[in-house]
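Here are a few notes to help you find your way around. Have the structure open while you read.

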Amino acid sequence: MSRDQRRIVRELVDAHGQTYADEAGIRLKDTPQPLYRLLVLAHLLSARISASIAVATARALSEAGLRDPRRMAGATWQERVDALGRGGYRRYDERTATQLGDAAELVTERWGGDLRRLRDEADGDVSAVRRLLQEFPGVGPTGADIFLREAQLVWPEAAPYLDRKALQGAERLGLPGNRDRLVELAGKTEPAVLAAALVRAAVDKEVAEDTLHHAA
């Protein structure tokens, strides 16, 4: 059974092991701008909207020059609405435009535009980081989980971060619900990549079915 499970994980990661940050064109590093762009992406992904639209919208905001909190806060509300609309994020565009502006002001005023300072305030406690992230307008528990799922690539103290959605993907694939066991099955795969692949299986039934078919 263990060999079969390893084959399932390998097939899943090979076919679907792209982080959402990478898909959105964010070259994730432990520096202010990529971390801020990841926060925005996590905010967008946490709404009841398709991941593809959220990713496209993150790209649209970046293309509009809204890549850091200073530019995001300095943009007009209408500029933010227009960028959200170009990404297809129309259902939530007006509320989200306001939230993005308020969140940009908060990260600037409280942490000097640098989310590494939020991490320092939490003193390396991942639960504390998760709580602080939820102080941003529009970022609830789901958004905080998304951020940490991806940020574990550059914030190793958070790894392995496999949240409830990732574990739902594991369940759909008949894999263990134990985080350490999943990481063991994944071998040298980065936990952030494993998490993203499992989430894709959780949100898309076809991903899970294709994975199981090719692993058989």
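The points below go through a helix pair, the nonpolar core and one loop residue.

1. Keep in mind that this is a predicted model. A good place to start is helix H3, residues 32-45, which packs against helix H10, residues 141-151. Their axes are 8 Å apart, at an angle of about 135°. An angle over 145 would count as roughly antiparallel, so H3 and H10 are oblique to each other. The crossing of H3 past H10 is right-handed.

2. Who makes that contact? On the H3 side, look for Leu35, Leu38, Leu39, Ala42 and Leu45. H10 brings Gly143, Ile146, Phe147, Glu150 and Ala151. Sorted by kind, the residues of this contact come out as 8 nonpolar, 1 polar and 1 charged.

3. Now for the largest nonpolar core, which has 76 residues. Leu41, Leu61, Leu133, Phe136, Phe147, Leu175 and Leu198 have the most contacts inside it. H3 gives the most to this core, with 9 residues. Phe147 is worth a second look, since it is on the core list and also in the H10 side of the helix contact.

4. Try clicking on Leu133 next. Setting aside neighbours within four places in sequence, Leu133 is in contact with Leu39, Leu118, Val139, Ala144, Phe147 and Leu148.

5. Last, is Asp163 buried or exposed? You'll find Asp163 in the loop between H10 and helix H11 (164-172). Its relative accessibility is 7%, so Asp163 counts as buried, the cut-off being under 20%. Not counting residues up to four places away in sequence, Asp163 touches Asp145, Arg149, Arg179 and Val199.

Note on methods:
Residues numbered from 1 in each chain as written. Predicted model: local features only at pLDDT ≥ 70, side-chain atom pairs only at ≥ 80, totals over all residues. Heavy atoms only, no water. Axes fitted to C-alpha atoms, helices over the stretch in contact; angles between N-to-C directions. Helix = DSSP H or I, 4+ residues; strand = E, 2+ residues; numbered from the N terminus. Parallel < 35°, antiparallel > 145°, perpendicular 65-115°, else oblique. Left-handed = near helix turned anticlockwise from the far one by under 90°. Contact = heavy atoms within 4.5 Å. Nonpolar A, V, L, I, M, F, W, Y, C, P; charged D, E, K, R; others polar. Core = buried A, V, L, I, M, F, W, Y, C linked by side-chain atoms within 4.5 Å. Buried < 20%, exposed > 50% of the residue type's maximum accessible area, 1.4 Å probe, protein only.
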